[in-house]
Amino acid sequence: MTQPVQPSDFQKRALSLAQQSSAPAFLQTVRQQGLDEFGQIQWPGRKTEMWKYTTLRPVEAFANAGWPADDVAADGEQLASLPELDATRLVFVDGIFDGAASDELPDGVRLFSQADESARLLLDRYLGKIAKDVDPARRNLFAALNDAWLTDGVLVYVPKNATLEKPLYVVHLSTAQAADRVANQRLLVVLEQGASAELIEHYLSTKDAKASFVNTLTEIHVGDNARLSHTRLNLEHEASSHVGAVHINLQRSAVANGFTLAEGGELKRLDYQINHCGEGAELTLNGLYLGRNEQHVDYHTTIEHRVPNCTSQEVFRGIVGDKAKAVFNGRIHIHEDAQKTLAELNNRNLLTSNTAEVDTKPELEIYADDVRCAHGATISQLDETALYYLQSRGIEPLQARMMLSYGFVNEVLETLPHEGIRTVLQQRLRQRFVGEV
Amino acid sequence: MLQIKELVAEIDGKQILNGLNLTIGDGEVHAIMGPNGAGKSTLGNVLTGRDGYEVKSGEVLFNGKNLFDLEIEERAREGMFLAFQYPVEIPGVSNMEFLKASLDARRKHQGLEELSSFDFMKLARETSAKVSLDAAFLKRGVNEGFSGGEKKRNEILQMMLLEPQLCILDETDSGLDIDALQVVANGVNAMRDGKRSFIVVTHYQRLLDYIVPDHVHVLAGGKIVKSGDKELAKELEAKGYGWLEGEVA
């Protein structure tokens, strides 16, 4: 007989916070399901496989947290620091939509709270469902929490054969007012057959930001022959904790190009779940993670090949220094029916100090017999021969180390589809490796 | 330019240089030949300060300064340059960025201003044309996916940009076809100005047909066992190194 679940203090608090929030009636079903589910999931500990190398203590510290004030606006300096992109910008401050700082919403983009009849039908059909399309044993409890905490979100809908005219640039800013507060973010994207869209999610903090907890969930339906470009940047202050997930379902001949970058924090845990649901779908997923000081960053990616003739190309690289810790778990599951799958996973890590730690685990589970799969994971230090080569040309050791670290990540950065973002990140990472940011 | 006195050096506890003496005057070209394992590459590595090579005794003066007081990068800025036998591939770092950082460091040390990006690009393009390296190679990762010949030409390109006082060419001819060999030799010859000195380390006489040395030395058993003029190289080509074995002992 199974023991009844004893909710943790954080779970109890989270459930009571959910009761203290309100949402439009048409979100109640999803909220209630989330509430019921979240309270019933055993709080993870060291023995929970999916949380083996990542402690939830930073989240547990929010057992007395409240909701942020809903009238915090981004100030001019914060907005000026954002890159100028040819994109539609939506700004959220501590989880609350900041209309004044946002561009006018284009056709197909709206807040859940402003959903009309047709938008509600989409929410009914997809919201929460994509994140639940997982092996039940791997249900993400923070996705359930996101359902329970749901008050609003961004819905992107691109109809058949249409293109979202400009990239959608969603900015989530955490401020000092968010200290000891929790925030919930939600994004649902539905690309119908032959549609295409480019999305950029950018999480950042003000310089004076303090400990805060953000829980995010992005669900994306990529219809037959549809094309998705999705970039997600987690560049918050190192005092912040962020648990987030991106769930993508790819239908027949869909093409998805994903890029993600995370700088470590008190806790950064990012889950990617991509399901190949229709034949001929193609996925590229590239990522970078960087840890220093005592930061923690954890990527868990899962790719489900359920049908034949799909491809997955996944490259993640990390640089971890000081006493920081990084976790990478890359799972590719090739089901019995998924013949002619092509799947490659590569994870390389650079340790720049003796006290840094990386736990990497590529997991290939293959039940089909006619597939091409490759995976590899390495952990190494800066190449001494390359350092010598640079120094022998007059370059300072510190600069040489910076150049090599930068080069290591730049190989992946160069795959970033959006040029504006790529340039901004290249600049930022150069500064980072010489200790300027 | 360079005085090496009784240099003893080892790697991993194994003594490779056993009291090597060599003096290089301004504007001179010295060829160093010798059998495998004689210490030819070690000499270049010790002079440039590579980690793992331990100097046990002896002295090296570079323009009157004690070389071993200088860090790797300081030696380079003072004008020492080693063209690597195996140039290192550094993906993700563009050749252009690498070349500019090198030249900036050298110029700063000389009290010169850094070149603007525009002036640098122009100089880099002109120089790469001189070594028949397509300017597209400037945008690629350092030596990334370059053929053997392209890597060596990239070394000569660096040498021409940095304008060092002492150039050490470590088996730059190995793996080169005759065209590439000529490109490399032309690059070196164009830099001979009566002041700049060269140490050309090679197995083969062939390179010395194109880069004609003032002096030829045989390095064997970790020391110079015989010195002569360019005729010595031809003699070695004809007779091998065996006849010198007595002199090693």
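Trainee: How many disulfides does the structure hold over all chains?

Mentor: The count is 0. Keep in mind that this is a predicted model.

Trainee: Why is C373(A) not in a bond with the closest cysteine?

Mentor: Take the sulfur of C373(A). The closest cysteine sulfur belongs to C310(A) and is 12 Å away. A disulfide needs the two sulfur atoms within 2.5 Å. The separation of 12 Å is therefore too far for a bond.

Trainee: Is C373(A) called buried, partly exposed or exposed, and what makes it so?

Mentor: Its relative accessible area is 27%. Buried means under 20%, and exposed means over 50%. The value lies in between, so C373(A) is partly exposed.

Trainee: What about C167(B), buried or exposed?

Mentor: Its relative accessible area is 0%. That is under 20%, so C167(B) is buried.

Trainee: Let's turn to the two chains. What makes chain A and chain B count as touching?

Mentor: Contact calls for heavy atoms within 4.5 Å. By that rule, 20 residues of chain A are in contact with 30 residues of chain B.

Trainee: How much area do chain A and chain B bury between them?

Mentor: About 2,100 Å². Carbon and sulfur atoms carry 60% of it. On the side of chain A, three residues supply 40% of the area buried against chain B: Y388(A), Y389(A) and R393(A). No other three residues supply more.

Trainee: Why is an area used here?

Mentor: The size of an interface is often given as the accessible area lost when the parts come together.

Trainee: How many salt bridges does the rule find across the interface of chain A and chain B?

Mentor: The rule finds 3. One case to check is R430(A) with E97(B), whose side chains meet at 2.7 Å, N to O. The cut-off is 4 Å, so the pair qualifies as a salt bridge.

Trainee: How many residue pairs are in polar contact across that interface?

Mentor: There are 13 such pairs, with both residues at pLDDT 80 or more. On chain A, α8 (384-391) and α9 (397-413) are the elements that give two or more residues to the side touching chain B. That side divides into 8 nonpolar, 7 polar and 5 charged residues.

Trainee: How many salt bridges does the structure hold over all chains?

Mentor: It holds 35. Look at E219(A) and R186(A), with their closest N and O atoms 2.9 Å apart. That is within 4 Å, so the pair counts as a salt bridge.

Trainee: Where do E219(A) and R186(A) sit?

Mentor: E219(A) is in strand β8 of chain A, and R186(A) is in strand β6 (residues 182-191). They are 33 residues apart, so the pair links distant parts of the chain.

Trainee: What makes E219(A) and R186(A) buried or exposed?

Mentor: E219(A) has a relative accessible area of 0%. R186(A) has 3%. Both values are under 20%, so both residues are buried. Both also belong to a network of salt bridges, linked with E37(A), R139(A) and D147(A).

Trainee: Which parts of the chain does the pair R428(A) and E263(A) link?

Mentor: First, the bridge: their side chains meet at 2.7 Å, N to O. R428(A) is in helix α10 (residues 419-433), while E263(A) is in strand β11 (residues 255-263). The two are 165 residues apart. R428(A), at 26%, is partly exposed, whereas E263(A), at 5%, is buried.

Trainee: What does the pair K151(B) and E89(B) tie together?

Mentor: These side chains meet in a salt bridge at 3.0 Å, N to O. K151(B) lies in helix α6 (residues 148-162) of chain B, and E89(B) lies in the loop between β6 (80-83) and β7 (90-94), so parts 62 residues apart in sequence are tied together. K151(B), at 17%, counts as buried. E89(B), at 34%, counts as partly exposed.

Trainee: Why is N215(A) called buried?

Mentor: Its relative accessible area is 1%, under the 20% cut-off. N215(A) is in strand β8 (residues 213-222) of chain A. Beyond its neighbours within four places in sequence, its contacts include F142(A), W149(A) and V243(A).

Trainee: And R110(A), which backbone oxygen does its side chain reach?

Mentor: That of Q114(A), at 3.3 Å. The cut-off for a polar contact is 3.5 Å, so the distance fits. R110(A) is in strand β3 (residues 109-111) of chain A. At 29%, it counts as partly exposed.

Terms used. Residues numbered from 1 in each chain as written. Chains lettered and ligands numbered in written order. Predicted model: local features only at pLDDT ≥ 70, side-chain atom pairs only at ≥ 80, totals over all residues. Heavy atoms only, no water. Buried area = accessible area lost by both parts, 1.4 Å probe. Polar contact = N/O pair within 3.5 Å; in protein donor to acceptor, adjacent residues only side chain to side chain. Helix = DSSP H or I, 4+ residues; strand = E, 2+ residues; numbered from the N terminus. Nonpolar A, V, L, I, M, F, W, Y, C, P; charged D, E, K, R; others polar. Buried < 20%, exposed > 50% of the residue type's maximum accessible area, 1.4 Å probe, protein only.
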